[in-house]
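This report describes a single protein chain, shown below. It considers a loop, a strand residue and the nonpolar cores in turn.

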Amino acid sequence: MAITNRNIAADANIDLSKINLAGGRRAMWEDFDETPSSTNIADLYGFDAHLSGGTALVSNTVNSCGALLTTGGAFKSMIFGGGRWSGDRGCKLSVRINSLNVATSMFLLMGWTDDAGVTGVDAPTTGTPDMASFMYSTVDSASWQFRSNAGAGNTDTQLGPVVSTGITTVSIELNSTGGVVAKINDDTVGEAIGSVATGKTDWHPYVRLLGGAAANLLNIDTIAVSESRT
């Protein structure tokens, strides 16, 4: 029987096939490959699924993806809260989106936030926590934007590429000087985009989806996280 908790902080429950400590890297990835069901993501994968309506589950309909479904203006977020990652070690997050189904007023954030950004169950990324995140707001733009915060206030940057509702991979890498490198499908869209506080060791990868009156759906194929071990 496969171990289904990939939480890197819960050593007894780690699926060793999905954690690689060779080659000087600390890495974790999740492809939500368990038998599709209505089981909540938090019960399987070591992610904290913060819900205020709707569902966060392993999708039956799209290739065993991690699905965030919003209804009635509620938000859904998936936060890997168990393990902390360090900007000084060049932590990198990659999210492969399988599909987006936009109904009304979708607001999507994907990236890094700190302990302060994940403490609230009902509003995990409100206020001004440190963050470095891709942002998609159907109200503001049809294109990807980038939101960074070094603890004082959000800085939003227009990136240019139009958001696709199909397969898209985005990645965000932080460095020791507070710099951020952002890529979409391996194309660098920001090499010194925004800034984050230096010396932080409490970064968490997260995905947050806010929906309008009608249901919005995000299907995530894979989430991968890595950093240098020293």
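Asp 186 is placed in the loop between E13 and E14, where strands (E, at least two residues) and helices (H or I, at least four) are DSSP runs numbered from the N terminus. The model is a predicted one, in which local features need pLDDT of at least 70, side-chain atom pairs count only at pLDDT 80 or more, and totals for chains, interfaces and linings use all residues. Residues are numbered from 1 along each chain as its sequence is written, and side-chain values use heavy atoms, with hydrogens and water left out.

**The loop between E13 and E14**

Asn 185 also lies in this loop, which precedes strand E14 (187-190). Most residues other than glycine have a negative phi. Asn 185 and Asp 186 are listed below with their positive phi values. The exposure classes are buried (under 20% relative accessible area), exposed (over 50%) and partly exposed in between, with a 1.4 Å probe and protein chains only.

| Residue | Phi | Relative accessible area | Class |
|---|---|---|---|
| Asn 185 | near 50° | 40% | partly exposed |
| Asp 186 | about 75° | 70% | exposed |

**Thr 168**

Asn 185 is also one of the residues touched by Thr 168, a residue of strand E12. Thr 168 counts as buried because its relative accessibility is 3%. Its other contacts (heavy atoms within 4.5 Å) are Val 95, Arg 96, Ile 97 and Ile 184, leaving aside residues up to four places away in sequence.

**The nonpolar cores**

In soluble globular proteins, nonpolar side chains tend to be buried together. A nonpolar core is here a set of buried Ala, Val, Leu, Ile, Met, Phe, Trp, Tyr and Cys residues joined through side-chain atoms within 4.5 Å. The largest such core has 38 residues, and those with the most contacts inside it include Leu 108, Trp 112, Phe 134 and Trp 144. Among the strands that each supply at least two of its residues are E7 (92-101), E8 (107-113), E12 (168-174) and E16 (216-228). A second, separate core of seven residues includes Ile 79, Leu 109, Met 131 and Met 135. Leu 108 touches Met 135 as well as Phe 134, Trp 144 and Leu 218, among others, not counting residues up to four places away in sequence.

**The whole protein**

The secondary structure consists of one helix and 16 strands. Of the 230 residues, 52% count as buried. Among contacts between residues at least 6 apart in sequence, 64% join residues at least 24 apart.
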